[in-house]
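Trainee: I have just been handed this entry. Could we go through it together, starting with how its pieces pack?

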Amino acid sequence: MKFIDEAKIEVVAGNGGNGVASFCREKFRPFGGPDGGDGGRGGSIYAIADRNINTLVDYRYAKLHRAKNGENGRGSDCYGKGADDVYLRMPIGTLVIDQHDGAIIADLTEHGQVALLAKGGEGGWGNIHFKTSTNRAPRQKTDGKEGERRDLKLELKVLADVGLLGMPNAGKSTFIAAVSNARPKVADYPFTTLHPNLGVVRVSHEKSFVVADIPGLIEGAADGAGLGVQFLRHLQRTRLLLHLVDLAPFDSTVDPVKEAKAIVKELKKYDESLFDKPRWLVLNKLDMVPEEDRSQRVKDFVKRFGWKGPVFQISGLTREGCEELVTEIYEHLAVQRQLELREHSGVAEVVLDVDSVDADDPRFKTMD
């Protein structure tokens, strides 16, 4: 299936049905009075997150989504039938944005999450609602309201714990194939990966995390060089970035330090928040470096790169060092999840911590 992570659609909710002005005309009821029913409501349009869908390809070609109108009211107190709502199934991680003002309509992050995209119009009132003791034959009625219409932009940001970052041919696809169940295309030429790949890494039977592999970046990607930065959005939801570097490029004129600095520059130019995410340096293709030269080459690279964060040495082909890296990643993610849980429950902890409350603080005075 073709991977599509952007689409533009138009959603049009249904109009409400009109109310009717009608009077009862039955035998033995010469003054039956008003009996005009209300119009039915128009159908609304909702988005629903579905974990069984992983692309927006359906919305690349079906751009207009319209709900039906509500039925008009009828006589004999008959109300019009409301129209059925329309549910658009979208992959988890879809961001729905209004094209006109850029407002975020919905952020679908959980399976089964439902969000209203366009509300259907309310049905009009029939003349039965206008009957009073002094107005026994009302001829007033109201028309149904129009349904909402919106032009929307859909952006898919894959949900992953770890994102892979690096130049083309840095070995990202080989690494994700070595540690996860993903089987991306692997070849000895650049830009083998043309769309993001997700892989589930299992540390044990009950411990796992998700890794996202995106197409490689090159210098000038923020200005459209190569495949550009259009896939970097898929790293925005990750908790950790792995910067993979080819420690032994085939071309001797290529400087790995210069390429690594170019990646960091493009990352910062694209999004400061993405640049500030936790990032680990992973020196790949260790099997291509003689054992007696590995230690010195790693030291020279780290020194010239000016890197002060975590450094890992691996070979995606032989899987050397991969198991240790996977274990470290899982432990880091476990700590991150605990910190997030504490932040969510931080308000309750402050309220319950009575000993930290100043008795003289006027905000905590009790009434006599």
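Trainee: Which residues in helix 3 meet helix 5?

Mentor: Please keep in mind that this is a predicted model. Pro256, Val257, Ala260, Lys261 and Val264 of helix 3 are the ones in contact, and on helix 5 they meet Phe301, Arg304 and Phe305. By type, the residues of this contact are 6 nonpolar and 2 charged, with no polar ones.

Trainee: At what angle do the axes of those two helices cross?

Mentor: The axes of helix 3 (residues 256-270) and helix 5 (residues 291-305) cross at roughly 40 degrees and come within 10 Å. The two helices are therefore oblique to each other. Helix 3 passes helix 5 in a right-handed crossing.

Trainee: New topic. Which residues touch the most other members in the largest nonpolar core?

Mentor: Val162, Phe175, Phe209, Leu242, Leu325 and Ile329 do, in a core of 23 residues. Two or more residues come from each of strand 9 (162-166), helix 2 (172-179), strand 11 (208-213), strand 12 (240-246), strand 13 (279-284) and helix 6 (322-344).

Trainee: And which of those gives the most?

Mentor: Helix 6 does, with 6 residues. Apart from this core lies another one of 21 residues, including Ala7, Val11, Val96 and Ala115.

Trainee: What is Phe209 in contact with, beyond its neighbours within four places in sequence?

Mentor: Its contacts include Asp161, Val162, Gly199, Val200, Val201 and Val203, and also Val326, Ile329, Tyr330, Leu333 and Arg337.

Trainee: You mentioned helix 2. How many of its residues are buried?

Mentor: In helix 2, 7 of the 8 residues are buried, and the helix is mostly covered. They are Lys172, Ser173, Phe175, Ile176, Ala177, Ala178 and Val179.

Trainee: What about the protein as a whole: how many helices and strands are there?

Mentor: The protein has 7 helices and 14 strands. Of its 368 residues, 43% are buried. Among contacts between residues at least 6 apart in sequence, 75% join residues at least 24 apart.

Trainee: One last topic, the backbone. What is the phi of Ser76?

Mentor: Ser76 has a positive phi of about 60 degrees, although it is not a glycine. Most residues other than glycine have a negative phi. Ser76 lies in the loop between strand 3 (64-66) and strand 4 (86-91).

Trainee: Is Ser76 buried or exposed?

Mentor: Ser76 counts as exposed because its relative accessibility is 53%. Arg319 also has a positive phi, near 65 degrees, and Arg319 is found in the loop between strand 14 (311-313) and helix 6.

How values were computed. Residues numbered from 1 in each chain as written. Predicted model: local features only at pLDDT ≥ 70, side-chain atom pairs only at ≥ 80, totals over all residues. Heavy atoms only, no water. Axes fitted to C-alpha atoms, helices over the stretch in contact; angles between N-to-C directions. Helix = DSSP H or I, 4+ residues; strand = E, 2+ residues; numbered from the N terminus. Parallel < 35°, antiparallel > 145°, perpendicular 65-115°, else oblique. Left-handed = near helix turned anticlockwise from the far one by under 90°. Contact = heavy atoms within 4.5 Å. Nonpolar A, V, L, I, M, F, W, Y, C, P; charged D, E, K, R; others polar. Core = buried A, V, L, I, M, F, W, Y, C linked by side-chain atoms within 4.5 Å. Buried < 20%, exposed > 50% of the residue type's maximum accessible area, 1.4 Å probe, protein only.
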